[in-house]
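Please brief me on this model, with attention to its helices, its charged side-chain contacts and how open they are to the surroundings.

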Amino acid sequence: MATSTVKPPQQLLNEIGTPKKLNHATTVVENSLPSAQAIAQEKTETELRDRIGAFDKNNLKNTTTAEKVVLPNSEEIVQEKTEQELRKSIGEFDKDKLKHQQVEEKNVLPDTDAIAAEKSEQERMQSITGFQRTSLKKAETAEKNPLPTKEVIQQEKAAK
């Protein structure tokens, strides 16, 4: 068997042979080990799973569950039935059975007594607000404080 050798192209050989300027790269070494907190959490989870898996069901006591059903009393049943009937009658109500009603708005006027009372009140208010203080005369007041006489004092003492 004859072996044939394939020669690479000349351009490829030239590129390999000429040195290129390479950039410096810094390598970052990451710690692939878990932290102490992660180890502690995994340990507690593992212990918990082991305890759950090793639990003996035979230590449990047998119990029966009692279902408590609270039934409504007769008053509640009657109330619910009337409510259902009302809802049914409202839902089945036929609007066509209603009659059109003409509404008359009446403007009720006050009676003569009320009108007269209001007029007198307005006249009184107008006379108060339109009063002229300048038309008043100057008056002097004399204070009188009569003192009791001796006879009146003796009569009061004798009455006691």
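Helix α2 has 18 residues, which at 1.5 Å a residue should span 26 Å, and its end C-alpha atoms are indeed 26 Å apart, so the two values agree; the expected span is taken as 1.5 Å times one less than the number of residues. Helices here are DSSP runs (H or I, at least four residues), numbered from the N terminus. This is a predicted model, in which local features need pLDDT of at least 70 and side-chain atom pairs count only at pLDDT 80 or more, while totals for chains, interfaces and linings use all residues. Residues are numbered from 1 along each chain as its sequence is written, and side-chain values use heavy atoms, with hydrogens and water left out.

**Exposure of α2 and of the loop before it**

- The number of buried residues among the 18 of α2 is zero, so this helix lies largely in the open; buried means under 20% relative accessible area, exposed over 50%, and partly exposed in between (1.4 Å probe, protein chains only).
- Ala 25 sits in the loop between α1 (10-17) and α2 (36-53), and it counts as exposed because its relative accessible area is 59%.
- From Ala 25 to Glu 156 the separation is 131 residues in sequence and 128 Å in space, C-alpha to C-alpha.

**Salt bridges**

- The structure holds three salt bridges, each defined as a side-chain nitrogen of Lys or Arg within 4 Å of a carboxyl oxygen of Asp or Glu.
- In helix α2, Glu 45 and Arg 49 lie four residues apart, about one turn of the helix, and their side chains meet in a salt bridge at 3.8 Å, N to O.
- In helix α3 (residues 74-91), Arg 87 and Glu 83 are likewise placed four residues apart, about one turn, and their salt bridge has an N to O distance of 3.1 Å.
- In helix α4 (residues 112-129), Glu 121 and Arg 124 are separated by about one helical turn because they are three residues apart, and the closest N and O atoms of their salt bridge are 2.8 Å apart.
- An α-helix has 3.6 residues a turn, so residues three or four places apart point the same way.

**Accessibility of the paired residues**

- In the α2 pair, Glu 45 counts as partly exposed at 36% relative accessibility, whereas Arg 49 counts as exposed at 57%.
- For the α3 pair, Arg 87 is exposed, with a relative accessible area of 59%, and Glu 83 is partly exposed, at 38%.
- In the α4 pair, Glu 121 is partly exposed at 36%, and Arg 124 is also partly exposed, at 44%.

Terms used. Helix = DSSP H or I, 4+ residues; strand = E, 2+ residues; numbered from the N terminus.
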